[in-house]
Amino acid sequence: MEKVLGIPADQIGRRDHFFDRGGSSLSAVKLAIALKREVSLKDITRHPVLADLAGLLDGKSERRSGLLHALSESDGAQAGALVCFPYAGGNAVNFQPMASALRGSGIAVYAVELPGHD
């Protein structure tokens with residue numbers, strides 16, 4: 001993680017959120033490659049907390065398939081939901097910065113992940 005995010009290892013914790021610590025779609029690709037493609041971009045988007053991603057690698061987390069992926073959940077205020085459709089060649093991870101920016105607004109953010117695009 002140190003090489004991917006450019007942050008010293010002693011400053012990265014298990015409960016850190018990959019995208020909140022500076023992760024981007026490009027660094028998510030680098031992470032997937034560094035982990036020998038044991039995880040996909042979809043996995044990183046679904047499990048951005050490093051401990052959850054580690055659990056996925058350990059086989060302790062349940063893998064789910066489907067087209068709609070939650071990028072951020074509503075905080076209970078239920079202001080609505082936003083469903084994002086990727087443009088040509090895009091995928092759900094492209095919408096993670098927006099989902100992070102809307103966190104705490106009450107708006108749940110979902111993205112459609114087209115088959116074969118992870």
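Let me begin with Gly 89, which at 63% relative accessibility counts as exposed, and which sits in the loop between strand S2, residues 80-84, and helix H5. I should say at once that what we are looking at is a predicted model. In this model Gly 89 and Leu 114, although 25 residues apart in sequence, are 9.5 Å apart in space when we go from C-alpha to C-alpha.

A second loop position can be set beside that one, namely Ser 105, which is found in the loop between H5 and strand S3, residues 107-112. Ser 105 counts as partly exposed, because its relative accessibility is 35% and that category lies between the 20% and 50% limits. From C-alpha to C-alpha, Ser 105 and Gly 80 are 9.5 Å apart in space, and in sequence they are 25 residues apart.

Now let me step back to the whole chain. The protein has 118 residues, of which buried residues make up 39%, and its secondary structure comes to 5 helices and 3 strands. Reading from the N terminus, the order of the elements is α-α-α-α-β-β-α-β. If we take the contacts with a separation of 6 or more, 63% of them are accounted for by residues that are 24 or more positions apart. As for the outside, the accessible surface comes to about 6900 Å², and carbon and sulfur atoms hold 53% of that area.

From there I would like to go to the two neighbouring phenylalanines. How many aromatic pairs does the model contain? The count comes to 1 aromatic pair, and that pair is formed by Phe 18 and Phe 19, with 5.1 Å from centre to centre and 85 degrees between the planes. The arrangement is described as edge-to-face, because the angle between the planes is over 60 degrees. Phe 18 counts as buried at 1% relative accessibility, and Phe 19 is buried as well, with a relative accessible area of 10%.

Phe 19 then leads us to two other buried positions. One of them is Gln 96, found in helix H5, which spans residues 96-102. Is Gln 96 buried or exposed? Gln 96 has a relative accessible area of 0%, so it is buried. Leaving aside residues up to four places away in sequence, Gln 96 touches His 17, Phe 19, Thr 45, Leu 71 and Arg 103.

The other is Val 49, in the loop between H3 and H4, which has a relative accessible area of 15% and is therefore buried. Val 49 and Phe 19 are 30 residues apart in sequence, while their C-alpha atoms are 8.7 Å apart in space. With residues up to four places away in sequence again left out, Val 49 touches Arg 14, Arg 15, Asp 16 and His 17.

Staying in this part of the chain, let me mention Lys 42, which lies in helix H3, residues 41-46. Lys 42 is a charged residue, and at 18% relative accessibility it counts as buried, since the limit for that class is 20%. The C-alpha atoms of Lys 42 and Ala 92 are separated by 7.1 Å, although these residues are 50 apart along the chain.

That brings me to helix H4, whose buried residues are Leu 50, Ala 51, Leu 53, Gly 55 and Leu 56. An α-helix has 3.6 residues a turn, so residues three or four places apart point the same way. What covers the buried residues of H4 includes H2 and H3. H4 is followed by Gly 59, whose phi is positive, near 80 degrees.

My last topic is the second largest pocket, which holds about 170 Å³ of space. Which residues line this pocket? The lining is made of Met 1, Lys 3, Val 4, Leu 31, Ala 34, Leu 35, Leu 50, Leu 53, Ala 54 and Leu 57. By class these residues divide into 9 nonpolar, no polar and 1 charged. At least two lining residues come from each of helix H1 (2-5), helix H2 (25-34) and helix H4 (50-57), and H4 gives the most, with 4 residues. Two of the lining residues, Leu 50 and Leu 53, are also among the buried residues of H4 that I listed a moment ago.

Methods: Residues numbered from 1 in each chain as written. Predicted model: local features only at pLDDT ≥ 70, side-chain atom pairs only at ≥ 80, totals over all residues. Heavy atoms only, no water. Phe/Tyr/Trp six-rings, centres within 6.5 Å; stacked < 30°, edge-to-face > 60°. Buried < 20%, exposed > 50% of the residue type's maximum accessible area, 1.4 Å probe, protein only. 1 Å grid on protein atoms, 1.4 Å probe; cavity = no way out; pocket = protein on both sides within 12 Å on 5 of 7 lines; lining within 4 Å. Points joined across faces, edges and corners; volume = space filled by probe spheres on them. Contact = heavy atoms within 4.5 Å. Areas by Shrake-Rupley, 256 points an atom, 1.4 Å probe, with all protein chains shown as cover.
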